[in-house]
Amino acid sequence: MNTLYQPGIFESVPAVARYVLFSLTEQGANAQAIKDALGRLSPLANGSDVVMGMGPSLVAALGVEVPGLHELAEMSGHGVKVPSTPGTLWCWVRGDDLGDLLHLTRKVQKALAPAFAIRHVVDAFRHALGESGHGHDLTGYEDGTENPVGEAAEEAAFVHGQGEGLDGSSFVAVQQWVHDLDAFEKLADDERDHHIGRRLADNEEIDDSPTSAHVKRTAQESFDPPAFMLRRSMPWMMSMQAGLMFVAFGRSLYAFETQMRRMAGQEDGVVDAIFGISKPVNGACFWCPPMRDGKLDLRQVGL
């Protein structure tokens, strides 16, 4: 598969990032205003410094379809709730310096105005980069251990065999999780390990961890068909609140939705132990267009 995809999806997570969610304004009520705004955004959204995704409502506003794109379903029951908070346009602004990212965000904001306005911004960062090259969650556990690599990662993360305008695109699920670090810190070391299903000391999987362990709930090869996806999550903090921006790219939304159902106990009534120390407060999905000649390929949405 050639590199038709937005390169930032495949690259390692950056030192710092901003997750910027836009909504349509009254001025963006017609398709032409939206197309004009996306045309101005295109030079900035190079797929590396800015990864861009379009929500189902934005695609619908353009009067077109992206096969497989739909809003996430809300899940509740078994003592947990997984919210669905649909988004219109999403930008993952990536770099090494938050000051630079502020200026880049302002450029993106101005390019999209007046059709779009910023609805929500979350600043994130890479934490405790280990020898494996993976960042760590604020609980200290390595994040993304089971990510596919190389050709397997491309196979999992990007659309292929669907034709021009679709091949190289990706579906992304974005959830903001808020950690209860007090609850986590009250756990004994072995309890923490059994919540995750790995030992913090060496990141090794624990064979006899309970069924509720996060690793067992989300074992990608345990689903039929397997539910592989490429995770690019990053910790976030605002004042004294903190957690994880869970971000997962896939060739469809199947892997994310399938894993989330099992985590929430929808499959067998067993809830992922992660809900004992964290909870999602929002969640949306987007379609990330492919690239063509170094620019966003927006043919599928009529541009």
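This passage describes a pocket, a cavity, two helices and a buried serine in a predicted model.

The largest pocket has a volume of about 650 Å³. Its lining consists of 31 residues. Closest to the pocket centre are Asp143, His214, Thr218, Arg231 and Phe246. Four elements each give two or more residues to this lining: strand E7 (170–179), helix H8 (214–217), strand E10 (241–250) and helix H9 (254–263). The most comes from H9, which supplies four residues. Sorted by class, the pocket lining holds 13 nonpolar, ten polar and eight charged residues.

The model also holds one cavity of 30 Å³ or more. The space in the largest cavity is about 30 Å³. Its lining is made up of Phe171, Val172, Ala173, Met229, Ala248, Phe249, Gly250, Ser252, Leu253, Ala255 and Phe256. E7, E10 and H9 are the elements that each give two or more residues to the cavity lining. In this lining, nine residues are nonpolar and two are polar. None is charged.

Helix H9 contributes to the lining of the pocket and to that of the cavity. Eight of the ten residues of H9 are buried, so the helix is largely enclosed by the rest of the structure. The buried residues are Ala255, Phe256, Glu257, Thr258, Gln259, Met260, Arg262 and Met263. Their cover includes strand E3 (75–77), strand E4 (80–82), E7, H8 and E10. Just after H9 comes glycine 265, with a positive phi of about 80°.

Strand E7 is the place of serine 170. This serine counts as buried because its relative accessible area is 0%, under the 20% cut-off. Its side chain takes part in polar contacts with backbone oxygens. A polar atom of the serine 170 side chain lies 2.6 Å from the backbone oxygen of alanine 157. The side chain of serine 170 also reaches the backbone oxygen of glycine 250, at 3.4 Å. Leaving aside residues up to four places away in sequence, serine 170 touches Ile9, Ala157, Phe158, Phe249, Gly250, Phe286, Trp287 and Cys288. Of these contacts, Phe249 and Gly250 also appear in the lining of the largest cavity.

Helix H2 (31–41) follows a loop that begins after strand E1 (16–24). Alanine 29 is found in that loop. With 69% relative accessibility, alanine 29 is exposed, because exposed means over 50%. The C-alpha atom of alanine 29 is separated by 50 Å from that of asparagine 203. Along the chain, these two residues are 174 residues apart. At the start of H2, asparagine 30 makes a polar contact with the backbone. A side-chain oxygen of asparagine 30 reaches to within 3.1 Å of the backbone nitrogen of glutamine 32.

Within H2 itself, the buried residues are Ala33, Ile34, Ala37, Leu38 and Leu41. Viewed down the helix axis, they fall within an arc of 135°, so they line one face of H2. Several elements help to cover these buried residues. They include E1, strand E2 (50–54), helix H3 (56–61), strand E5 (89–95), helix H4 (98–112) and strand E6 (116–125).

Definitions and conventions:
Residues numbered from 1 in each chain as written. Predicted model: local features only at pLDDT ≥ 70, side-chain atom pairs only at ≥ 80, totals over all residues. Heavy atoms only, no water. 1 Å grid on protein atoms, 1.4 Å probe; cavity = no way out; pocket = protein on both sides within 12 Å on 5 of 7 lines; lining within 4 Å. Points joined across faces, edges and corners; volume = space filled by probe spheres on them. Nonpolar A, V, L, I, M, F, W, Y, C, P; charged D, E, K, R; others polar. Buried < 20%, exposed > 50% of the residue type's maximum accessible area, 1.4 Å probe, protein only. Arc of directions from axis to C-beta. Contact = heavy atoms within 4.5 Å. Polar contact = N/O pair within 3.5 Å; in protein donor to acceptor, adjacent residues only side chain to side chain.
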